[in-house]
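Biologist: Please take a close look at the ion pairs in this model, and then follow them into the parts of the fold that they touch.

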Amino acid sequence: MPEAMAGPKMPSGGMKNKGRGAYVDRDKPAQIRFSNISAGKAVAECIRTSLGPKGMDKMMVELSKAQDIEAGDGTTSVVVIAGALLDACAKLLQKGIHPTTISESFQKAVDKGVEVLTGMSQPVLLSDRETLLNSATTSLCSKVVSQYSSLLAPMSVDAVMRVIDPATATGVDLHDIHIVKKLGGTIDDCELVDGLVLTQKVVNSSVSRVEKAKIALIQFCLSPPKTDMDNQIVVSDYAQMDRVLREERAYILNLVKQIKKAGCNVLLIQKSILRDALSDLALHFLNKMKIMVVKEIEREDIEFICKTIGTKPIAHIDQFLPEMMGTAELAEEVSLDGSGKLVKITGCTNPGKTVSIVVRGSNKLVIEEAERSIHDALCVIRCLVKKRALIAGGGAPEIELALRLAEYSRTLPGMEAYCVRAYADALEVVPSTLAENAGLNPISTVTELRNRHAQGEKTAGINVRKGGISNILEELVVQPLLVSVSALTLATETVRSILKIDDVVNTR
C-alpha cells in the first residue's frame, strides 16, 4: 500500500537526466543575468560617493571611458545611472518580466528621455564667453582642484577658442591643445602659451635666447655614421687612427656648415634609438656658430611642433633648405624659479591653430589631477561646440526626466508601462546621491525637488553650496546638453547589453 501511494516511479535512465538538464538550462540564463547585474551594481555603488562637488574621488570603468570619449565629462553620473537601471532590471526580472520586454521598454524610455532633455535645453552662442565660463566652472567644481576654477576655467575657454573658428566649427581636435606637465611651483603658476613649449633643455647653455628665430626640425643624426651591420673596424696604427678622426671631424663640420648656410639658428633634433643623435664634436661646432640646440624631441610631438611653428621635418641633410624651416619672433629658455627650465617659442610667423598649456604643481599627484581637470573643462567646451545647447545641472534634468517618463508610462499598455515607470524611478538616483554626498537628507530633498518640478519649475535643482533647493540656472550651475544625453544613452545601452547576456563561456 505505501508503494502505491508514492505515485508512479520515473523510468530509470535518460528521461530523468534529460528533465533535470532542461530545468538547469532554463535557470542558468537568469543566474547569469543576476550575476552580471550584481557586478554592475557593485561598481556603481563604489562610484556613487564621488558624484558632485562634495563627492569622493573616482574609479573608472569601460562605461565611463565611453562617456569620456563622447562627452569628456559626466563619467561618474553615467556609471551611477547604469547602476540604478541595473537595480531596476533585477527587480523587474524577479517579477517574471521577460528580458526582451525590459530591454525594448528601456529603449522607448531613453528615446523619450532625449526628447525631454532637448526640450528643456537652452541654445548657446560661442560668442557668449560668460556662459562658456559657467559651464567650465561647473565641470571643475567636482574636482580636487576646484578652488582654482577661477584660473583654469578661463584658460580652458581661451584655449578652445584659439584653436577653432567659432563661426564654422562643428568639433574640436584636443590634440591641438598641448598640455605640458612640469613639476614644481603651484597650480597658480599654470599658464596658457600662444606658441610652443618644450620640456627638453637647451643643450648648449651659452645660446639660451634667439630673436628672429629660424627653426629647423631634423630627423637625422649629427654624429659619425655607423656600419649597417654589427661589424668591428680594427685600426692597426696611429696614422689610420688620425685619418679616421679627421674624416669624422670633416663629416660633422660639413653637416653643421650646411645647417648654418640655410640660415638656421634654432635646431630641434628628434630622439634617436640607433646612435647618438648629437655628438660632442657636433655640439661644439653648433655652439661656435651660435645655433641653439634642443635634442631628445619625442616622435609623438613632431606633428604638433610642425603644425605650431610651420616647419617641416627634415629627414636628410640634402633636404635642409630655407623653405623647410619655420620662423618665430623669439625662442628662449626660461628658468622656473629653481624648479627646472622650459623652452618657449613664441610669435610664430605662420602659426597653426594650436596652443600650449603649462601645468604646474608641487607633486606628481597634483599635476595629474590638474591635467585631468583641465581635460574635462576642455571637453565641456568641446561639447558646446558640437551641440550648442546648455541644460541645468544639480540633478534638475534627472528629476524632470523621472516626472515626464512617469507621465509617459501611463500612456503605454501592459508590461511596457511597468518597465518605463521603473526606468523613471531609477533616474532619481542622481539627485538622491548629490543630496547624500552634500550631507543633506536624500529623501526629503528629492521629495521637495519632485514637488517643485511638478509645479512647473523645470530648473529647480540641488544647491550643494547653500545646502537646499534653488533655481540652479540662477546659481550658474549648467552643463552641456551633450553630456546629459550621452550619459543617458550610454548607460541604457550598457544595461540593455547586460540583459542580453544569458551564458558565460569559460576560456582556458
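**Salt bridges and the parts around them**

Modeller: R209 is partly exposed, with a relative accessible area of 46% (buried is under 20%, exposed over 50%, partly exposed in between, with a 1.4 Å probe and protein chains only). The model is predicted: local features need pLDDT of at least 70 and side-chain atom pairs 80 or more, while totals for chains, interfaces and linings use all residues. Residues are numbered from 1 along each chain, and side-chain values use heavy atoms, without hydrogens or water.

The partner of R209 is E211, and their side chains meet in a salt bridge at 3.0 Å, N to O (a Lys or Arg side-chain nitrogen within 4 Å of an Asp or Glu carboxyl oxygen). E211 counts as exposed, at 52% relative accessibility. This pair belongs to a total of 22 salt bridges in the structure.

Another pair is formed by the side chains of D194 and R162, with an N to O distance of 3.7 Å. D194 sits in the loop between β3 and β4 (195–198) and R162 in helix α7 (residues 149–163), so this salt bridge ties together parts that are 32 residues apart in sequence (helices, H or I of at least four residues, and strands, E of at least two, are DSSP runs numbered from the N terminus). R162 is partly exposed, its relative accessible area being 36%.

A third example lies within one helix. E448 and R452 form a salt bridge whose closest N and O atoms are 3.4 Å apart. Both residues belong to helix α15 (residues 442–454), where they are separated by 4 residues, about one turn of the helix. E448 is partly exposed, with 40% relative accessible area. Elsewhere, salt bridges that share partners join K181, E368 and E371 into one network.

Strand β3, named above, leads to a sheet. Three strands form this open sheet in the order β2-β11-β3, with mixed pairing (strands pair if DSSP finds at least two bridges between them). At its edges are β2 (177–183) and β3 (191–193), each of which pairs on one side only. β2 runs parallel to β11 (residues 355–361), and the two pair over 7 bridges. V180 stands opposite V358 of β11.

Helix α10 (residues 302–309) gives a view of a mostly covered element, as 6 of its 8 residues are buried. These buried residues are I302, F304, I305, C306, T308 and I309. G310 follows α10 and has a positive phi, near 70 degrees.
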